[in-house]
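Visitor: I would like to learn how to read a structure like this one. Where do we begin?

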Amino acid sequence: MAGAIIENMSTKKLVIGGIALLLFQALAFMVGGLIAPSPTTAIHYLATKCVDTGKQGQDTRWFMPWGPDQCDKIPNFDEAMAKKIEANDIVFAAHIPLPKKEMSPWFQFMLVILHIDIAFKVYNQIEKKKRMGAMVTLDVRLGYRDDTVGEWTELAHSFEAEEAQCCFQTVDNEGRCYDCDLLPFMEVGSVAHKYYLLNIRLPVNVRKKVNVGIGEIKDMRLVSIHQNGGFTQVWFGMKTFLTPSILIIMIWYWRRITLMNRPPVLLEKLILALGISMTFINIPVEWFSIGFNWTWMLLFGDIRQGIFYSMLLSFWIIFCGEHLMDQTERNRLSVYWKQVGPIVFGSFCLFIFDMCERGVQLTNPFYSIWATDVGTELAVSFSHMAFIIVAGICACLYFLFLCFMVFQVFRNISGKRMSLPAMSKARRLHYEGLIFRFKFLMLVTLFCAAMTVIFFIISQVNEGHWHWGDHTVQVNSAFFTGIYGMWNLYVFAIMFLYAPSHKRYGDEQSSGDAGGNNGEDIQLTTTYTPTWMAPLQIYQLAFGKEAQE
C-alpha cells in the first residue's frame, strides 16, 4: 500500500518545494512592506459649535462647519452665555472628511472615537456618583451626500447615553480639563458615500436630570479611523490570487482520498475541513462592497475569521494528537472533546458578543455594547485592557499546551527510534529521513502557531487602541500580508504532503532487498490502516512481529 506524499516523495523534490514555499512567504511579506501602505489611517477633528436659531427640537436642518452654507458659529461657551444662547440651541458639527477630500468605498469601514473636553470648575463639577464618570446624553444625527451642493440625507439618528470615565481634579486645577477616557462613538461597516456630516446635541432637561452635573463642556474632539484604500487593493489582490490556489489543491487532495479503496480517516477529514475554512476566508466577496452598500461586511468578515481561527486551532490539537505513538485508540473526534471543547466554546462566546454589538450596529451605527448597563459595569469593574490581557493569556496557554503535545510526540519518537538499528542500513537511513521530515513539520506547525498567537494579540491590542486609546502597537502592512500568506501556504503544504501517494518506497528497491525486509515496512501517516479494527496511529515505528500485530 502507498503512504502519504510526505513519506514517499524524494528529498530533492521536498527541498525544492520547501524553497518555493519560502520564496512565496517572502513575497507575501514584501507585498505588504514595499507595495501596500499602512493598514489604517486616523484623522482628528474638532467639532464646530453651531447655533440653532430655529425652534429647537423641531428643526431638521443640517449644520455645516464650513463651506458656502456654513452655520452660525461661536468660538466658546463664554460667548454663548454672553449672548444668552441656551445649551439646547448649540449643535456640535463635524464634516468627514476634511475640506477638499473625499471618502471612498475602498476605505471599507469608518470608526469614530469621541473625546469630550470637560473643564474643572469648583462651582460646576462632575457629580461624584457610584460610577466615577460623567453620564452624557447625546442627540446624534448622521447624514451623507455624494456631491458638494446636494442636500444631506439622514443615515442614522439616535439618542445615546455615554459615560465618560474621568479622573477628578482638585481646587488647584481650576480651569483645567478632566482626564477622561475616549468613548466608542460610531462604527459604519461600509463607506459608500463621499461626504458624511455629524450633528451632535447635548439636550439639557433639569427635571429629568438629563446632562445635569456633567461639568463644563468645552469642546468635542473626534477621531475617524478607516482602512487605507491602497492597502484594501493589495488585500483584495492577494485574496483573488490565493482563492483558486487553495481551491484547486483542495479538490485535487480530496479526489486522491476518494480514489482510495477505504473510507477517509479523521486526519484526512480535518485537512479537508481546514481547506474549506481557508477557502471560505479567501473568497474575495469584498469586491462587491465597492459597488454595493453592504454594511454587514464587517460582521460577515468577523464570522469568517472566527470560523477559520476555531478550525485552525482545533486542527493543530488533533494533528499533534494523531501523531502520538501511544496505545490510545484515536481516529475519533470524540477523543479530543476535552481539548477542542474550550476552543469551540470560546469561539461561540465571541460570536455572541460580536452579534450583540455589530449586529445592532447594522441599524444603529452609534450603538456600543460598552454603553449598556452590563457593559458599563464590566468596564468599571475591569479595565478595558483587562479583556485583551485575558484573551492574550488564553492564547499563550493554548500555545504552551500545543508545545507540550509536540514534546510528547518527539519523546515517543525518540523511544521508538531505538528499534531502527536492527533494520538494514538502507531502510534505516530511509526511516531516519522520514522521522526528520515529521519532526521538521511539527516545528513548522509550532512556528505557525506562535506567529498566529502573536498576530491575534497584536490585533486585539490595536482594536482596543481604536476604541479606547490606552495602548497601541505599530503594525506594518507586511505583518498582515505575511501572516495571511503564511496561513495559505501552510494549508497548501498540509493538503499536498498528506495526500495519498501513488508510489511506495519499497517499490524502488530490488526484489532481493525487498524480500530481506521481512516486515520492516513502517507507515508514518494515517492514510491507511492495515487492519480496520486496529487502533489508528500516526507513527508505527515497530517492525517484525510487533509491526504485524
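Guide: We begin with helix length, keeping in mind that this is a predicted model. Helix α11 covers residues 477-497, and at 1.5 Å a residue its 21 residues should span 30 Å. The end C-alpha atoms of α11 are 30 Å apart, which agrees.

Visitor: What span should helix α5 have at 1.5 Å a residue, and how far apart are its end C-alpha atoms?

Guide: Helix α5 has 17 residues, 266-282, so the expected span is 24 Å. Its end C-alpha atoms are 24 Å apart, in agreement with that figure.

Visitor: Are the residues of α11 buried or exposed?

Guide: A residue counts as buried when its relative accessible area is under 20%. In α11, 19 of the 21 residues are buried, so this helix is largely enclosed by the rest of the structure. The same reading applies to α5: 13 of its 17 residues are buried, so α5 too is largely enclosed.

Visitor: Can we take one residue of α5 as an example?

Guide: T279 is in helix α5. With a relative accessible area of 7%, T279 is buried.

Visitor: What does T279 touch, apart from residues up to four places away in sequence?

Guide: T279 touches I246, L247 and M250. A separation between C-alpha atoms is another kind of reading: those of T279 and N488 are 9.0 Å apart, although the two residues are 209 residues apart along the chain.

Visitor: Which residues does UniProt list under "transmembrane region"?

Guide: The unreviewed UniProt entry lists several spans, among them 307-324 and 434-458. A listed span can then be compared with the model. Residues 434-458 are 100% helix and 0% strand, with end C-alpha atoms 36 Å apart. Residues 307-324 are 83% helix and 0% strand, and their end C-alpha atoms are 26 Å apart.

Visitor: Now for charged residues. What is the general idea?

Guide: Side chains of opposite charge can pair when their charged atoms come close. In this structure the count comes to twelve salt bridges.

Visitor: Which residues are linked with D52 in a network of salt bridges?

Guide: The network links D52, R61 and R201. R61 meets D52 at 3.1 Å, N to O. Between R201 and D52, the closest N and O atoms are 2.8 Å apart. That second pair links distant parts of the chain, 149 residues apart: R201 is in strand β9 (residues 195-201), while D52 is in the loop between β2 and α3.

Visitor: Are the members of that network buried or exposed?

Guide: D52 is buried, with a relative accessible area of 2%. R201 is buried as well, at 11%. R61 is partly exposed, at 39%.

Visitor: Which residue forms a salt bridge with D117?

Guide: D117 forms a salt bridge with R221, and their closest N and O atoms are 2.6 Å apart. This pair also links distant parts of the chain, since D117 is in strand β4 and R221 in strand β10, 104 residues apart. D117 counts as buried at 8% relative accessibility, whereas R221 counts as partly exposed at 40%.

Visitor: How far from R437 is the nearest side chain of opposite charge?

Guide: The nearest one, E7, is 8.5 Å away, and R437 is buried yet has no salt bridge. For comparison, a salt bridge needs the nitrogen and the carboxyl oxygen to be within 4 Å. The side chain of R437 does reach the backbone oxygen of I6, at 2.7 Å.

Visitor: Where is R437, and what is around it?

Guide: R437 is in helix α10, residues 425-468. Leaving aside neighbours within four places in sequence, its contacts include I6, E7, N8 and M9.

Visitor: Let us finish with a strand. Which residues make up strand β7, the place of C180?

Guide: Strand β7 consists of residues 179-180. C180 counts as buried, at 6% relative accessibility. Beyond its neighbours within four places in sequence, C180 is in contact with H115, I116, I118, Q165 and C166.

Visitor: How far apart are the C-alpha atoms of C180 and C167?

Guide: They are separated by 6.5 Å, while the two residues are 13 residues apart along the chain.

How values were computed. Residues numbered from 1 in each chain as written. Predicted model: local features only at pLDDT ≥ 70, side-chain atom pairs only at ≥ 80, totals over all residues. Heavy atoms only, no water. UniProt positions renumbered as here; feature names shortened; annotations may be inferred. Helix = DSSP H or I, 4+ residues; strand = E, 2+ residues; numbered from the N terminus. Buried < 20%, exposed > 50% of the residue type's maximum accessible area, 1.4 Å probe, protein only. Contact = heavy atoms within 4.5 Å. Lys, Arg positive; Asp, Glu negative; His and termini not counted. Polar contact = N/O pair within 3.5 Å; in protein donor to acceptor, adjacent residues only side chain to side chain. Expected span 1.5 Å × (residues − 1).
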